[in-house]
Amino acid sequence: ANFKKNSGRYNILHLALHGEVDNENPENSKLFFTKTKDTLEDDLLYTYELFAMDIPAELTVLSACNTGSGKIAKGEGIMSLGTAFQYAGTKSILLSSWEISDQTTPVLMKNFYTNLKKGMSKPKALQQAKLDYLDTADPNRLHPFYWGAFYLVGDTTPIEFRATYHWYWILGLVVLFI
């Protein structure tokens with residue numbers, strides 16, 4: 001309920017959840033949120049719910065298994081959770097093609113965001129994150145299974161991060177002046 005209520009307020013959404021693809025009925029594919037005692041919500045986010053939402057985020061990262069997988073529909077392409085986020089208005093989406101590793105995904109995501117903050121375009125930030133991972137990875141985790149599942153669709157332009165630290169300087173100077 002919280003996600004549904006507030007998701008349209010953010011420029012970047014990162015969902016590191018478990019995902020489940022329903023290839024027979026793609027509208028029933030879902031993301032699993034933490035269980036609560038909420039009797040009005042089932043703590044699941046279904047594809048059909050996303051189609052009715054307004055999520056104008058610059059970037060949505062679906063760091064869950066198989067978020068870019070689904071049934072191939074003629075004239076539509078892959079009917080995935082990512083497709084539903086696109087219909088909801090998200091400009092670009094980072095998806096996974098298969099089950100992802102809980103050990104390596106956090107490293108890739110950290111590198112990806114670091115690269116975005118440096119001003120890289122989204123695909124370049126992802127490519128560099130993968131290369132950085134390969135440079136530092138355990139030799140037993142170099143196989144593409146550990147890093148190759150992620151891909152980006154949509155708008156490729158860099159994200160502008162607003163620097164908020166300049167307000168601290170201004171506030172400090174005003175306090176010093178007073």
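Which residues of α5 are buried? Hold that one for a moment. Some orientation comes before it.

This is a predicted model. The protein has 178 residues, and 37% of them count as buried. Its secondary structure comes to six helices and nine strands. Look at the contacts between residues at least 6 apart in sequence. Of those, 68% join residues at least 24 apart. Now the outside. The protein exposes about 10,800 Å². Carbon and sulfur atoms supply 57% of that area.

Back to α5. The buried residues there are K122, A125, L126, A129, K130 and Y133. Seen down the helix axis, they fall within an arc of 135°, so they line one face of α5. The helix has 15 residues. From first C-alpha to last, α5 reaches 21 Å, close to the 21 Å expected at 1.5 Å a residue. What do its buried residues pack against? Three strands and a helix: β5, β8 and β9, plus α4.

Those strands belong to a sheet, so to speak of them, let me show the sheet. It is open, with four strands. The order is β1-β5-β8-β9, and the pairing is mixed. β1 and β9 are the edge strands, each pairing on one side only. From one strand to the next, the twist averages 15°.

Take one pair inside that sheet. β5 and β8 run parallel, joined by two bridges. For a residue to look for, try T60: its bridge partner in β8 is I93. Then there are the helices on the sheet. α4 packs on it, touching β1, β5, β8 and β9. The direction of α4 makes about 165° with that of β5. α5 lies across β5, β8 and β9. Against β9, α5 runs at about 175°.

Next, α4 itself. It covers residues 105-117, which is 13 residues. Its reach from first C-alpha to last is 18 Å, close to the 18 Å expected at 1.5 Å a residue. Which of its residues are buried? They are T105, L108, M109, N111, F112, N115 and L116. These cover an arc of only 165° around the axis, which puts them on the same side of α4. What sits on the face turned away from that buried side? Exposed residues K110 and K117.

So much for the two sides. The buried residues of α4 have several partners. Among the strands, they pack against β1 (12-15), β5 (59-62), β8 (92-96) and β9 (150-154). They also pack against the helix α5 (122-136). Recall that the buried residues of α5 pack against α4 too.

Now both ends of α4. After the helix comes G119, whose phi is positive, near 95°. Before it, in the loop between β8 and α4, we find T104. Is T104 buried or exposed? Buried, at 3% relative accessibility; the cut-off for buried is under 20%. Leave aside its neighbours within four places in sequence. T104 is then in contact with Y133, R141 and Y146. Y133 is a residue you have met: it is one of the buried residues of α5.

On to another sheet. This one is open too, with three strands in the order β2-β3-β4. Its pairing is antiparallel. The edge strands are β2 (18-20) and β4 (44-46), each pairing on one side only. Here the twist averages 20° from one strand to the next. How many bridges join β2 to β3? Three, and the two strands run antiparallel. β3 spans residues 30-32. In that strand, F32 stands opposite H18.

One last residue: F33. You will find F33 in the loop between β3 and β4. At 27% relative accessibility, F33 counts as partly exposed. That class lies between the cut-offs of 20% and 50%. What does F33 touch, not counting residues up to four places away in sequence? F3, L15, L17, D43 and L45. F33 and A16 are 17 residues apart along the chain. Their C-alpha atoms are separated by 9.4 Å.

To close, go back to the opening question. K122, A125, L126, A129, K130 and Y133 are the buried residues of α5. They pack against β5, β8, α4 and β9. The floor is open.

Methods:
Residues numbered from 1 in each chain as written. Predicted model: local features only at pLDDT ≥ 70, side-chain atom pairs only at ≥ 80, totals over all residues. Heavy atoms only, no water. Expected span 1.5 Å × (residues − 1). Buried < 20%, exposed > 50% of the residue type's maximum accessible area, 1.4 Å probe, protein only. Arc of directions from axis to C-beta. Contact = heavy atoms within 4.5 Å. Pairing = 2+ DSSP bridges. Axes fitted to C-alpha atoms, helices over the stretch in contact; angles between N-to-C directions. Areas by Shrake-Rupley, 256 points an atom, 1.4 Å probe, with all protein chains shown as cover.
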